[in-house]
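Biologist: Could you take a close look at the salt bridges in this one for me? I'd like to hear how the charged partners sit and how far to trust the model around them.

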Amino acid sequence: MKDSTSKIPVTKSTGDTRPEKEETWTLRNTVIFLSMCLVYFALFAAYSVYAPFLPSEAKDRCVSDIYVGLIFGSYAFVIFLTSPPCGVLVPKYGARTMLVTGTFIAGTSLMLMGFGEVIFDPTMFIIFCFVLRITSAIGAAAAETAVLSLMLQKFPNDTGTVSGAVETSCLVGSSFGPVFGGFMYTVGGFKLPFILMGLILFCSIGVLAFLLSKETEYRTESSKSISMCKSMRPLRIPAVFVMGFSSVIGGALSGFIQPILAPHLREKCYRSLLLSGLIAYSIGYLSLGPAPFLSFLPDGEIWLVCVAMAFSGFVASFFYVPLLPEIMIAARENGMPDNEETNAELSSLYTSVYYLGAFIGPSLGGAFDEHFGFQWAMTIAGLISFAQALVVLIFTLVEKVSRGKCSNQTEEKLSLLN
């Protein structure tokens, strides 16, 4: 297998009118980098802030677990649908405009969500939650696609650093959100977590508008001709497709447990890292149940849940960090140019496929928990992760053999020419 690194060659392309790349890690760029990480942190904290208390609030209104899972999953499904259009709009209107607009929409929707406490009719509560989760997701899709596109644009030769920083921000935000939400819910009730998280997002708008000057509003001459079909063209590359599908599985695994854990408790080769993360995810989820065939593990012990969750969180970086560099490397090796349009396409694809999984995860998690119980639900999730590890391993071996054959054929041709 070819040794992939985060150093991706930079190629010039026609139709790219942005300025020549300046020194990467200037003070200004470093501040922008940290600010982008904070945006990811805030968005993921807002996404998960009501995980501790929304299931119980829904249960008080006689809303079934399946609908709770769909409410959680709808956010991710909408981002899956809207990220490709955002990838089309970023080169046309600029990352700054998309980022500020998306953050405003997400913050407004989050604050309005707090008023759901006055709705007691089950049907109206479900509709209310769905509508605001959808609008919040549209804003988050625009903001996340713009952030990732901007970071790839500013740091084209450091995709490993970008991927690691994004993943760390997402994990910390996802961990902070439920803790913050649970504490605020205990202190001030249903409204307080939403109001405070919405205010945090609003405050970030002013900071972003100040830091991101007009120089970030790059355009490409071909931006008017970008189409939705063209925005999905990276999926034609086999390696991008496999890595993208791995991101679907990762999003599903990370979101699988959100609607069901709290009720249950109340009762450096990139490809090698990816394989390790998938296998470790499988071990963590099988232990979390625990799986019925792991009879030596105790059932219902809180210490086992804590250990399994901590282990899954720790190995998540092994899984997510390699995905973006692998996608970027595959795109470059297959002739995609290094320009704003390509960065937007890959950013929207990376965001979209992750949230497809993040929609599937909570939806299946709620349904499996209701029909099969917590143990078998976690067992199925662990087996899915293990199956995807086998897919990546087989693809990697096939890719290695294919590259070896191409190399041998090239050497034979050169020998004949000589």
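**Salt bridges up close**

Modeller: Confidence first, since this is a predicted model: the chain averages a pLDDT of 75, and 78% of the residues score at least 70. Among the elements, helix α4 (residues 95–113) comes out on top with a mean pLDDT of 88, while helix α10 (residues 261–266) sits at the bottom with 50. Two stretches deserve a pinch of salt. Residues 1–22 stay under 50, and there the model has 56 contacts beyond four places in sequence. Residues 218–226 are also below 50, with 24 contacts beyond near neighbours in sequence.

Now to your charged partners. Side chains of opposite charge can pair when their charged atoms come close. With an N–O cut-off of 4 Å, the count comes to 2 salt bridges.

Take Glu57 and Arg61: their side chains meet at 2.8 Å, N to O. Glu57 has a relative accessible area of 11%, so it counts as buried, and Arg61 is buried too, at 5%.

The other pair is Glu117 with Lys191, whose closest N and O atoms are 3.9 Å apart. Glu117 lies in the loop between α4 and α5 (122–154), and Lys191 belongs to helix α7 (residues 191–211), so this bridge ties together parts that are 74 residues apart in sequence. As for exposure, Glu117 is partly exposed at 28% relative accessibility, and Lys191 is likewise partly exposed, at 29%.

Technical notes: Residues numbered from 1 in each chain as written. Predicted model: local features only at pLDDT ≥ 70, side-chain atom pairs only at ≥ 80, totals over all residues. Heavy atoms only, no water. pLDDT = per-residue confidence, 0-100. Helix = DSSP H or I, 4+ residues; strand = E, 2+ residues; numbered from the N terminus. Contact = heavy atoms within 4.5 Å. Buried < 20%, exposed > 50% of the residue type's maximum accessible area, 1.4 Å probe, protein only.
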